[in-house]
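Work through the exercises below with the model open. Try each task before you read its solution.

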Amino acid sequence: MKKVILSLLAFICCTGAVLAASPESAPMPLNMTRGVTSISADVYDLHMRIFYICTAIGVVVFGLMFWAMIFHRKSRGHKAANFHESVKVEIAWTVVPFIILIVMAIPATQTLIAMEDTSEPDVSILVTGSQWKWHYKYMENDIDFYSVLATPTEQITGKWDKGENYLLEVDRPLVIPTGKKVRFLMTSDDVIHSWWVPDFAVKKDANPGFINEAWTKVDVPGIYRGKCAELCGKDHGFMPVVVIAKSPSDYQAWVDMQVEQRRKAKEEEQRLLAMNMSMDELMAEGKKVYLANCAACHQPNGAGLPGVFPGLVGTGVVTGDINTHINVVVNGVGGTAMQAFGKQLTKKQIAAVVTYERNAWGNDTGDLVQVKDVFEFMKNSL
């Protein structure tokens with residue numbers, strides 16, 4: 001018996017040591033990804049090391065059990081051994097697990113400390129979860145935008161074939177520089193979300209009222225995809241994350257372009273305050289905004305989903321007081337799925353979509369809502 005136990009202990013030590021020393025053996029398609037950052041590689045190696053150790057322990061424990069049941073069963077005349085109050089056994093099953101835990105804890109602690117070290121970042125980005133989109137704000141630049149699911153509704157409803165990146169594509173991806181330490185500040189303005197990009201080994205909860213931190217440093221330019229990993233509502237699966245890593249020079253060019261576009265947008269908004277857009281212009285822009293932001297709930301034909309989302313055909317909100325209609329779009333409706341679009345859309349887009357809703361699908365109110373109307377409403381509601 002003693003020889004068998006010693007042999008099995010030697011087996012677990014040798015097997016665990018050999019397998020743990022070679023975590024980069026053949027890739028397994030059903031396994032977690034190795035990722036593209038040093039931290040993700042450390043996490044992968046740690047995962048494999050622990051997996052191999054646990055596998056070796058399982059083999060030894062179950063091997064002993066089956067060996068004892070088969071070769072030392074009662075029908076062969078064996079009598080059960082009595083280990084009760086054996087000092088040697090008590091020491092063995094205390095010391096051995098302790099040593100195994102220490103072997104696991106040392107690399108795990110080193111990896112966790114490295115993952116939580118968000119000090120001295122080169123770029124800081126505030127990531128805010130919002131049903132069901134992400135808002136990104138670059139702390140060093142005057143850049144912020146929403147990133148929304150870009151998968152066509154027709155693919156989701158089964159009218160079209162699903163694309164290669166079904167439910168993993170957005171209208172505006174996050175852009176970060178390669179070779180730089182990027183710190184993410186995570187929060188939420190409604191429910192709990194979780195920003196997860198497997199290639200970075202970054203998965204951090206975004207909680208309302210709290211700021212959590214994470215970081216990454218990507219060395220290889222490319223497109224990396226993830227999604228919200230929290231069950232955050234009915235459209236939980238419609239909240240993907242897309243990150244484009246660019247070389248520092250390309251990243252700086254992108255930053256300059258964003259700043260310039262933002263400057264021009266502000267100038268355009270000021271210009272529109274002093275003029276009126278035509279019905280055709282507002283309807284064309286409004287339809288585009290509606291299909292991108294409203295059609296998922298209210299449907300492209302404005303009919304809504306009975307019992308779930310109200311229709312907009314002939315209803316009081318879209319045919320009654322204009323300011324009430326603007327208020328619903330800008331501030332949303334508390335306690336319902338109607339979210340606030342005041343920060344997500346420009347004043348021009350809000351004016352256009354309100355005009356569109358008041359004149360589409362037979363509503364035909366003839367009302368035109370201009371940028372200055374939205375500006376005055378938001379100014380007076382502050």
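**Exercise 1. Trp 361 and its loop**

Task: Place Trp 361 in the predicted model, and decide from its relative accessibility how it should be classed.

Solution.
- Step 1. Trp 361 lies in the loop between H10 and H11.
- Step 2. Its relative accessibility is 21%. Buried requires under 20%, and exposed requires over 50%. Trp 361 therefore counts as partly exposed.
- Step 3. Check the backbone. Trp 361 is not a glycine, yet its phi is positive, at about 55°.
- Step 4. Set that against the general rule: most residues other than glycine have a negative phi.

Task: Which residues does Asn 363 touch, not counting residues up to four places away in sequence?

Solution.
- Step 1. Asn 363 is also located in the loop between H10 and H11.
- Step 2. The relative accessible area of Asn 363 is 10%, so this residue is buried.
- Step 3. Its contacts, with residues up to four places away left out, are Leu 312, Val 313, Gly 314, Val 318, Thr 319, Glu 357 and Arg 358.

**Exercise 2. The buried face of H11**

Task: Which residues of H11 (371–380) are buried, and why do they line one face of the helix?

Solution.
- Step 1. Val 371, Val 374 and Phe 377 are the buried residues of H11.
- Step 2. Look down the axis of H11. The buried residues fall within an arc of 130°, so they line one face of the helix.
- Step 3. Find the cover. It includes helix H5 (248–273), helix H9 (322–331) and H10.
- Step 4. Zoom in on Val 374. Its relative accessible area is 0%, so Val 374 is buried.
- Step 5. List its contacts, leaving aside neighbours within four places in sequence: Lys 347, Ile 350, Ala 351 and Val 369.
- Step 6. Take one of these contacts, Ile 350. The C-alpha atoms of Val 374 and Ile 350 are separated by 7.2 Å, and the two residues are 24 residues apart along the chain.

**Exercise 3. Two packed helices**

Task: Describe how H6 (279–293) and H10 (347–359) meet.

Solution.
- Step 1. Two packed helices are described by the angle and the distance between their axes.
- Step 2. The axes of H6 and H10 come within 7 Å, and they cross at roughly 95°.
- Step 3. Angles of 65 to 115 degrees count as roughly perpendicular. H6 and H10 are therefore roughly perpendicular to each other.
- Step 4. Name the contact residues. H6 contributes residues including Met 279, Leu 282, Met 283 and Tyr 290, while those from H10 include Ala 351, Ala 352, Val 353 and Tyr 356.
- Step 5. Sort the contact residues by character: 9 are nonpolar, 4 polar and 4 charged.

**Exercise 4. The open sheet**

Task: What is the strand order of the open sheet of 5 strands, and which strands stand at its edges?

Solution.
- Step 1. The order is S3-S2-S1-S5-S8, and the pairing is mixed.
- Step 2. S3 (143–147) and S8 (212–216) stand at the edges. Each has a single partner strand, so one side of each is left without a neighbour in the sheet.
- Step 3. Add the twist. Neighbouring strands are turned by 25° against each other on average, direction ignored.
- Step 4. Inspect one pair. S5 (182–188) and S8 pair in the antiparallel sense over 5 bridges. Leu 185 has Glu 213 of S8 as its bridge partner.
- Step 5. Find a packed helix. H5 touches S1 (123–130), S2 (133–138) and S3, and its direction makes about 90° with that of S3.

**Exercise 5. Strand S6 and its partners**

Task: How many residues of S6 (193–197) are buried, and what are the bridge partners of Trp 195 in S7 and S9?

Solution.
- Step 1. S6 is mostly covered, with 4 of its 5 residues buried.
- Step 2. S6 pairs with S7 (202–206) in the antiparallel sense over 5 bridges. Trp 195 stands opposite Lys 204 there.
- Step 3. S6 also runs antiparallel to S9 (222–228), joined by 2 bridges. In S9, the partner of Trp 195 is Cys 228.
- Step 4. Check the hairpin of S6 and S7. It has 4 residues between the strands, and Ala 201 takes a positive phi near 55°.

Definitions and conventions. Residues are numbered from 1 along each chain as its sequence is written. This is a predicted model: local features need pLDDT of at least 70, side-chain atom pairs count only at pLDDT 80 or more; totals for chains, interfaces and linings use all residues. Side-chain values use heavy atoms; hydrogens and water are left out. Axes are lines fitted to C-alpha atoms, for helices over the stretch in contact, and angles run from 0 to 180 degrees between N-to-C directions. Angles under 35 degrees count as roughly parallel, over 145 as roughly antiparallel, 65 to 115 as roughly perpendicular and the rest as oblique. Contact means heavy atoms within 4.5 Å. Ala, Val, Leu, Ile, Met, Phe, Trp, Tyr, Cys and Pro count as nonpolar, Asp, Glu, Lys and Arg as charged, and the others, Gly among them, as polar. Buried means under 20% relative accessible area, exposed over 50%, partly exposed in between (1.4 Å probe, protein chains only). The arc is that of the directions from the helix axis to the C-beta atoms. Two strands pair if DSSP finds at least two bridges between them.
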